[in-house]
Amino acid sequence: MKLHIKSKLMSIHDKMQILDEQDKIMYEVESKALSIKDKTYIKKADGADIAYIHAKMISLHNTYFAEMTNGKAFELNEELWHLTKDIIHIDEFGWQLEGDFLGHNYQIRDRHGDIIAMARRKWISLHNIYYLDIMAENLVDEIVTVFIVLEHMIRKREEAVARTNHSQPNN
């Protein structure tokens, strides 16, 4: 299954749409405008709730929790000290999300090491766009939720870098 995540670059509310190859809306994502915990809700196009995600308030690294309406819940933790790649564990499923943060290319591997989904970011666009290739179509809701959390983690990291660069005095 091929999907793409489209988000607005400038918006008070974080809003995203996940569309199929014909640009039909499959999922909609909305985050609270001013939320300390980065609260986000994922719904199917028909309005059915899929997941609620939120960030851990105090942590050495990015940690997010996802609660699915199908009863599944999981946590995503970033591994520290990787200079050129991201490794994020999803222990509840036995998955590992890995990729390079410079190229924004990611893949999810199951507990056997098989790739069940891949994502890549389109660099030149009026919207942030990720293209998803999902091999495990029976896990689409869970995989979409993982990639939404990944987008939040990347955005949080980019905001922290921008704040650090902005606060350093010019030489």
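Here are a few notes on this predicted model, going from the overall fold to the core and then to one strand residue.

1. Overall make-up. The protein chain has one helix and 12 strands. Reading from the N terminus, the order is β-β-β-β-β-β-β-β-β-β-β-β-α, with the helix coming after the strands.

2. Burial and surface. Of the chain's 171 residues, 42% count as buried. The accessible surface is about 10,100 Å², and carbon and sulfur atoms account for 54% of that.

3. Contact range. If you take contacts between residues at least 6 apart in sequence, 32% of them link residues at least 24 apart.

4. The core. The largest nonpolar core holds 41 residues, and Trp95, Ile108, Ile143, Phe147 and Ile148 have the most contacts inside it. Helix α1, residues 140-167, is the top contributor to this core, with 10 residues. As background, nonpolar side chains tend to be buried together in soluble globular proteins.

5. Ile148 up close. Setting aside residues up to four places away in sequence, Ile148 touches Ile5, Met16, Ile18, Val29, Thr40, Ile42 and Ile53. Have a look at Met16 and Ile42 in that list, since both turn up again as contacts of Glu28.

6. Glu28. This residue sits in strand β3, which spans residues 25-31. Is Glu28 buried or exposed? Neither, quite: Glu28 is partly exposed, because its relative accessible area of 35% lies between the 20% and 50% cut-offs. Beyond its neighbours within four places in sequence, Glu28 contacts Met16, Gln17, Tyr41, Ile42 and Lys43. Met16 is 12 residues from Glu28 in sequence, with their C-alpha atoms 5.9 Å apart.

Technical notes:
Residues numbered from 1 in each chain as written. Predicted model: local features only at pLDDT ≥ 70, side-chain atom pairs only at ≥ 80, totals over all residues. Heavy atoms only, no water. Core = buried A, V, L, I, M, F, W, Y, C linked by side-chain atoms within 4.5 Å. Buried < 20%, exposed > 50% of the residue type's maximum accessible area, 1.4 Å probe, protein only. Helix = DSSP H or I, 4+ residues; strand = E, 2+ residues; numbered from the N terminus. Contact = heavy atoms within 4.5 Å. Areas by Shrake-Rupley, 256 points an atom, 1.4 Å probe, with all protein chains shown as cover.
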